[in-house]
Amino acid sequence: MLIVNSRSSRIPYPEELRKIMSMKAARESGAWLSHWDQINRSVTPLWDLPDAAKRAGVAQVNLKDESFRSPLGSFKALGAPVALMRLIVRLWRSEAALDPKALIKGQYADMVSSLTVISATDGNHGKSLAAAAKAMGCRCVIVLHANVSVEREKSIAAYGAEVIRIAGNYDESVEHAAKMASTNGWHVVSDTSYDGYEAVPRDVMQGYGVIPAEILSQLESTPARSPLTHVFLQGGVGGLAAGIATYLWEHYGAERPTFIVVEPRQADCLYQSAIAGRATVATGSVDSVMAGLACGEASPLAWKFLQPCIDYFMTIDDGDAIAAMRTLAAGSERDAPLVVGESGAAGFAGLMRLTEDAELARTVGLDATSRVLVINTEGATAPVAYTKIVGEAAEAVMARQREWLLSATTAR
Ligand SMILES: Cc1ncc(COP(=O)(O)O)c(C=O)c1O
């Protein structure tokens, strides 16, 4: 369940990669996104979890909480809108210099009404694309595979997208969307890349750079805070991990933290890619309670960035993610109760799995001096499933979080 990636190295961020993904382009994406009413105005919290750190035997655990990013419920709110904006700018380039701020506020709706965008999704990306298309005024078609829950389907349709359901899995839904686009003259806005299709997924990944940009300034504003030593990143097709790792790699250079990618055992396409030395497919059933991570094929573009910098790849079981959701929801005296969805909990679950086993912890260099970052990539994006798993509704956990914050402020 844990392998060392022998192809990763500690060198400064290479120039040829910086030409594709850079902190500069990530900051521009963040500036464009800041005009969208579906992105909350304040930065998302970076929680300090001292009790979790104590249990794990490390100095510090910070959790970046993307459940606060947007009413859309996940970090995916940062990807699709940027990619759609950049696609529109490319398509209409000859006609006018478009103002991205006006575009995301729907002021070019007449111009883009002839545009249809399509994507496959396991939930969160499709919801963000549907919301972005609605905001800008173009038509959106979303292709869902058989395992996407009706609850997730309804939340996508609520943003006005036309939903098509296929019998196959995630990868078949990606193929289906590509075929429909080429038959109908539509444009694919996918978060995964494939042969000849890289510009849009690059823009999606670049949007995720908002998260590390905030983390770095949050860490810098904390006095006497040492740099991060370990970062756990959950993997679906690899876009989130690439978006975050590249930004931190460019920032820290050869002194970057250790990166660990965590996937469901049944959807281990990145783990298998590390073994193969190229982007490849998963070995399992590609079905998991971690719906956002249930991807059977790594994104080749993401892999180009992950292979040289991810130090370890690991897999976890559905039960590990469920246990992590419950632990984080429960909170403790010094750790706030947190609403963390199934895929959102995977990074924290990976940390817990490694630190439960002294040998595994030693292998990845986790010890009493380690300063660890995990990212909660979603809140209760499927609220009924969340309540069933945690035994408490997300609203009730949030109410306990508010009480915890109040008592923490009073105690100070
Ligand atoms: C909540 C959540 N976390 C993580 C991921 C993984 O992202 P990626 O597929 O870019 O690796 C996804 C993907 O949909 C997701 O929905």
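**Entry 1: the cavity.** I looked up the cavities of this predicted model. The largest cavity is the space that the ligand takes up.

**Entry 2: the shell.** I then listed the residues around the ligand and found 16 of them. Which of them come nearest? I noted Asn-124, Gly-236, Val-237, Gly-238 and Thr-377. By class, the shell holds nine polar, four nonpolar and three charged residues.

**Entry 3: polar contacts.** I next examined oxygen atoms of the ligand. For Asn-124, I found an N or O atom of the side chain 2.8 Å from a ligand oxygen. For Gly-236, the atom concerned is a backbone N or O, and it lies 2.8 Å from an oxygen atom of the ligand. For Asp-122, a polar side-chain atom is 3.4 Å from a ligand oxygen; I counted this pair as a polar contact because the cut-off is 3.5 Å.

How much of the ligand's accessible area does the protein cover? On its own the ligand has 390 Å² of accessible area, and the protein covers 99% of it.

**Entry 4: aromatic pairs.** I searched the whole structure for aromatic pairs and obtained four. One of them joins Tyr-13 and Trp-249, with 5.1 Å from centre to centre and 65 degrees between the planes. I recorded the pair as edge-to-face, because planes over 60 degrees apart count as such.

Where do the two residues of this pair sit in the chain? Tyr-13 belongs to the loop between strand 1 (2-4) and helix 1 (15-18), while Trp-249 is part of helix 12 (residues 239-252). The two are 236 residues apart, and I noted that their pair links distant parts of the chain.

How values were computed
Residues are numbered from 1 along each chain as its sequence is written. This is a predicted model: local features need pLDDT of at least 70, side-chain atom pairs count only at pLDDT 80 or more; totals for chains, interfaces and linings use all residues. Side-chain values use heavy atoms; hydrogens and water are left out. A residue is near a molecule or strand if one of its heavy atoms lies within 4 Å of it. A polar contact is a pair of N or O atoms within 3.5 Å; within protein, one must be able to donate a hydrogen and the other to accept it, and residues adjacent in sequence count only if both atoms are side-chain atoms. Accessible areas come from the Shrake-Rupley method with a 1.4 Å probe; for residues, only the protein chains shown count as cover. On a 1 Å grid over the protein atoms alone, a cavity is a set of points where a 1.4 Å probe fits but cannot get out, and a pocket is an open set with protein on both sides within 12 Å along at least five of seven lines; lining residues have an atom within 4 Å of a point. A molecule sits in a cavity or pocket if more than half of its atoms lie within 2 Å of its grid points. Ala, Val, Leu, Ile, Met, Phe, Trp, Tyr, Cys and Pro count as nonpolar, Asp, Glu, Lys and Arg as charged, and the others, Gly among them, as polar. Rings of Phe, Tyr and Trp (its six-membered ring) pair if their centres lie within 6.5 Å; planes under 30 degrees apart count as stacked, over 60 as edge-to-face and the rest as tilted. Helices (H or I, at least four residues) and strands (E, at least two) are DSSP runs, numbered from the N terminus.
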